[in-house]
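Me: I have a structure to go through with you. Please keep the answers short and show the reasoning.

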Amino acid sequence: MEVALTGVTVEVAGRALVDRLELTAVAGEVVGVVGPNGSGKSTALRCVYRALRPTAGAVLLDGADLAGIGLRESARHIAAMTQDQQTDLDFTVTEIVQLGRTPHLRGNRALGRSDLEICRAAMEQTGVDRLADRSVLTLSGGERQRVALARALAQQPSVLVLDEPTNHLDLRHQAELLRLLQTTELTVLVALHDLNLAAAVCDRLAVLDNGRIVAVGTPDTVLTPELLRDVFGVAMTVVAHPTTGVPQLLHDLAPTISEAHS
Ligand SMILES: Nc1ncnc2c1ncn2[C@@H]1O[C@H](COP(=O)(O)OP(=O)(O)OP(=O)(O)O)[C@@H](O)[C@H]1O
């Protein structure tokens with residue numbers, strides 16, 4: 001399915017947290033949303049998974065305004081993996097993942113055999129099957145993050161929205177998540193701080209600065225030293241990855257005074 005943000009603006013107390021965003025993602029495409037702290041990445045994604053309603057503009061799902069679609073209906077199409085989902089409830093991993101089936105259940109019906117199978121497969125895919133009976137309160141940050149992903153996959157969405165999905169993950173689980181995003185046929189919108197991961201996994205990047213999109217394009221067209229200086233305020237060298245060719249960023253950290261004199 002295609003997701004399109006058209007003129008999406010969110011205003012709070014007279015301030016635009018995001019301002020007239022225009023961004024489209026299609027099936028099989030991974031679109032990264034990057035930008036400095038507070039630039040509006042989470043706010044933009046919240047409009048897509050409907051934790052926020054735009055003050056102006058709209059998010060369209062295959063051309064239909066989400067505001068006109070029931071929440072249950074849109075939850076059958078759009079799943080989110082976010083930091084906001086941390087729960088204080090003493091649920092087991094299995095129970096959390098099974099919540100992903102809720103939009104697909106009719107009335108108060110219990111999960112059927114196929115629902116249970118979908119949940120089992122999602123837990124296996126994310127490597128949390130061995131944690132099935134553990135309380136989520138006892139999990140590490142990375143384990144919780146993978147449970148959140150399992151729940152989102154159990155929802156069997158067409159559109160997957162991820163807000164900082166890798167920040168607690170170790171290298172292997174980062175690689176597994178990135179591979180999953182690269183190979184999936186879903187429409188993926190993902191906010192990432194790590195621009196090297198973003199360059200490796202995203203087909204296109206949208207750079208947010210102060211609530212506005214200041215650049216959109218393939219990682220190699222967007223991640224230039226000039227943009228990194230202007231938007232992030234850092235001096236970086238951009239090199240091509242020796243095997244994949246995607247841009248990778250190296251900090252140009254000046255030596256400290258004591259090092260410079262040694
Ligand atoms: N409910 C709110 N009321 C007022 N200001 C808000 C609200 N939610 C977010 N903001 C502000 O909007 C701006 C954008 O926040 P947002 O969380 O979208 O940024 P972000 O790019 O995801 O940041 P980070 O990289 O730090 O996660 C920030 O300045 C934030 O303080």
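Reply: First, a term: helices are DSSP runs of H or I with at least four residues, numbered from the N terminus. Note also that this is a predicted model.

Me: Which element gives the largest share of the shell around the ligand?
Reply: The residues around the ligand include Lys41, Ser42 and Thr43. Helix 1 covers residues 41-48. With three residues, the largest share of the shell comes from helix 1.

Me: How does the shell around the ligand divide into nonpolar, polar and charged residues?
Reply: Val12 and Leu17 are among the residues around the ligand. So are Gly35, Asn37, Gly38, Ser39 and Gly40. Gly counts as polar here. The division is two nonpolar, seven polar and one charged.

Me: Which strands stand at the edges of the open sheet of four strands?
Reply: The strand order is 2-1-4-5, with antiparallel pairing. An edge strand has a single partner strand, so one side of it is left without a neighbour in the sheet. The edges are strand 2 (15-25) and strand 5 (64-65).

Me: What is the bridge partner of Leu5 in strand 4?
Reply: Strand 1 spans residues 3-12, and strand 4 spans residues 56-61. The two pair in the antiparallel sense over five bridges. Opposite Leu5, the partner is Val59.

Me: At about what angle does helix 1 run to strand 1?
Reply: Helix 1 lies across strand 1, strand 2 and strand 4. The angle is taken between N-to-C directions, from 0 to 180 degrees. To strand 1 it is about 120 degrees.

Me: Ala13 has a positive phi; is Ala13 buried or exposed?
Reply: Most residues other than glycine have a negative phi. Phi of Ala13 is near 50 degrees. Ala13 sits in the loop between strand 1 and strand 2. With 5 other C-beta atoms within 10 Å, Ala13 is exposed.

Me: What does the neighbour count make of Arg20?
Reply: Arg20 is found in strand 2, and its phi is positive, near 50 degrees. A residue is buried at 20 or more other C-beta atoms within 10 Å and exposed at 12 or fewer. Arg20 has 15 C-beta neighbours inside 10 Å, so it counts as partly exposed.

Me: How many of the 14 residues of helix 5 are buried?
Reply: Helix 5 (residues 141-154) reaches 20 Å from its first C-alpha to its last, close to the 20 Å expected at 1.5 Å a residue. Its cover includes strand 6 (78-81), helix 3 (93-99), helix 4 (113-125), strand 7 (159-163) and helix 6 (171-183). The buried residues include Glu143, Arg144 and Leu153. The count is 12 of 14.

Me: Which residue just after helix 5 takes a positive phi?
Reply: Helix 5 covers residues 141-154. Just after it, a phi of about 45 degrees belongs to Gln156.

Me: Which residues of strand 7 point the other way from Val159, Val161 and Asp163?
Reply: In a regular strand the side chains alternate between the two faces of the sheet. In strand 7, five of its five residues are buried. Pointing the other way from Val159, Val161 and Asp163 are Leu160 and Leu162.

Me: What stands opposite Asp163 in strand 8?
Reply: Strand 7 pairs in the parallel sense with strand 6 over four bridges, and Ile78 has Val159 as its bridge partner there. Five bridges join strand 7 to strand 8 (residues 187-191), also running parallel. Opposite Asp163 stands Ala191.

Technical notes
Residues are numbered from 1 along each chain as its sequence is written. This is a predicted model: local features need pLDDT of at least 70, side-chain atom pairs count only at pLDDT 80 or more; totals for chains, interfaces and linings use all residues. Two strands pair if DSSP finds at least two bridges between them. Two residues are in contact if their C-beta atoms, placed from the backbone, lie within 7 Å. A residue is near a molecule or strand if its C-beta atom, placed from the backbone, lies within 6 Å of it. The expected span of a helix is 1.5 Å times one less than its number of residues.
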